[in-house]
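Please find below my notes on the model under review. They are set out as numbered points, to be read with the structure in view.

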Amino acid sequence: MPDPARPVLLRLAMAAGLSLCVSVPVAAQPTALLVEDQRGASAPRSALADEHRWVPDVMTLVGLDEPGPPIHVLLVPESSPVAQGAPTWVAGFAFGSATVVLLPQRTPVYPDGGLEEVLAHEVAHVLITRASGGLPVPRWFHEGVAMVAGRSWGLEDRTRLALDLLWGEKVPLARLDGMFRGDEAAVRRAYALAGALVQDLLERYGPGLPRGLLSRMRRGERFEEALRLTTGATSSDVDGIFLARQTLLRRWLPVATSGAALWFGITVMAIVAGRKRRRRFRAELARMAAEEEAAARVAAREAAREEAVSREEAAERARAKAGPLDAGGHDDWPVN
Ligand SMILES: [Zn+2]
């Protein structure tokens, strides 16, 4: 008998940067992952965790309450044909609704961090395919939701997006899926943009959006119709949100997208302000010193003038007192 669904915090929404606390049912039984290491006995131990605690969260995100068949996870060597046929920047990929391939010898890079995050991203692709009933889901939505599931929408993504937007032209939604078939730079940019768009949609319509939308697809609605019924928004509305996000990020690039840039800016401003303060302080000291020197010169001149006056007055008094003695010219008086 299945356990009753238990309410949990939707950790994935929080990992995606959403300040939302919602209670949603979680699958009683997580989908099983059957890991098969095809790299031979000499290969280093698997970089994967023994338990994959994030599986129920990903199932909740995409709206699957039942575990369904196990997912086969193949760890393949770099020498295998499947690895040699994959672009160099790919560290894993999903096949249909039951298989994930990981390339552990490739250092996982953007859009995911460690191999466990790559696994979460690829398992999310499998579960999205299952949750949609196998109907076609736009690549940008597939990747954006998988990035949320892989907890890979972080500072690096925002910084990369900021840099991309600084140099690149604005991309309409209709062109986004095609970018995933481009060269490495185009693919990386497509990941950043898809991650930003899905995050915007989750913030606007709530973290239950993928669950609601994909469950409608499972009942037979096509993506655009399921999107409209879940959010009230058409693809054209989403395109507007997407372009507005790119415009906003261009305008507020240093503040909105990069904490590093913000702190760098604050530091520079503090240094400049400090220099200006020190310059003002030194100028003020010099001005006070000059004023004191001028005042001292004035005081010295005044003191000299008063001394001259008093000397003159003393001489005047002496002359007045001696006047009768001198009058007759008594040169024979002793002078002492
Ligand atoms: Zn992906």
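1. The first remark concerns confidence at the start of the chain. Over residues 1-23 the pLDDT stays under 50, and the model has 36 contacts beyond four places in sequence for this stretch. This is a predicted model, and those contacts should be read together with the low score of residues 1-23.

2. The other end calls for a similar remark. Residues 323-336 also have a pLDDT that stays under 50, and here the model has one contact beyond four places in sequence. For the chain as a whole, the average pLDDT is 77, and 67% of the residues score at least 70.

3. The general make-up may be stated briefly. The chain contains 13 helices and six strands. Of its 336 residues, 31% are buried. Among contacts with a separation of 6 or more, 72% link residues that are 24 or more positions apart.

4. The sheet deserves attention next. Four strands form an open sheet, in the order β3-β4-β6-β5, with mixed pairing. Strands β3 (33-37) and β5 stand at the edges; each has a single partner strand, so one side of each lacks a neighbour in the sheet. From one strand to the next, the twist averages 20°.

5. The mixed pairing can be followed at β6. Strand β4 (residues 71-75) pairs with strand β6 (residues 99-102) in the parallel sense, over four bridges. Within this pairing, H72 has T99 as its bridge partner, and L75 has L102. Strand β5 (residues 92-95), by contrast, runs antiparallel to β6, and four bridges join the two. There the bridge partner of F93 is V101.

6. What lies between β5 and β6? The two strands form a hairpin with three residues between them. G96, in the turn, has a positive phi of about 55°. The faces of β5 may also be told apart: G92 and A94 make up the covered face, whereas F93 and F95 make up the uncovered one.

7. Helix α5 (residues 139-149) is mostly covered, with ten of its eleven residues buried. The buried residues of α5 include W140, F141, V145 and M147, and also H142 and E143. Just after this helix, R151 takes a positive phi of about 55°.

8. One residue of α5 leads to the nonpolar core. The largest such core has 56 residues, of which V58, V62, V123, A124, L127 and V145 touch the most other members. Leaving aside residues up to four places away in sequence, V145 touches L61, V62, A124, I128, V198 and P210. As general background, nonpolar side chains in soluble globular proteins tend to be buried together.

9. Helix α10 (residues 223-231) offers a useful exercise: which of its residues are buried? They are A226, L227 and T230. These residues cover an arc of only 100° around the axis, and therefore lie on the same side of α10. The general rule is that an α-helix has 3.6 residues a turn, so residues three or four places apart point the same way. Just after α10, G232 takes a positive phi of about 85°.

10. The last point concerns L209, which lies in helix α9 (residues 209-218). Why is L209 classed as buried? There are 21 other C-beta atoms within 10 Å of L209, and a residue counts as buried because 20 or more lie within that distance. Not counting residues up to four places away in sequence, L209 touches L201, L202, T230 and T231. L209 and T230 are 21 residues apart in sequence, yet 7.0 Å apart in space, C-alpha to C-alpha. T230 is also one of the buried residues of α10, and this contact therefore deserves a look in the displayed structure.

Conventions
Residues are numbered from 1 along each chain as its sequence is written. This is a predicted model: local features need pLDDT of at least 70, side-chain atom pairs count only at pLDDT 80 or more; totals for chains, interfaces and linings use all residues. A residue is buried if 20 or more other C-beta atoms lie within 10 Å of its own, exposed if 12 or fewer, and partly exposed in between; C-beta atoms are placed from the backbone. Two residues are in contact if their C-beta atoms, placed from the backbone, lie within 7 Å. Two strands pair if DSSP finds at least two bridges between them. The arc is that of the directions from the helix axis to the C-beta atoms. Axes are lines fitted to C-alpha atoms, for helices over the stretch in contact, and angles run from 0 to 180 degrees between N-to-C directions. A nonpolar core is a set of buried Ala, Val, Leu, Ile, Met, Phe, Trp, Tyr and Cys residues joined through C-beta atoms within 7 Å. pLDDT is the predictor's confidence in each residue, from 0 to 100.
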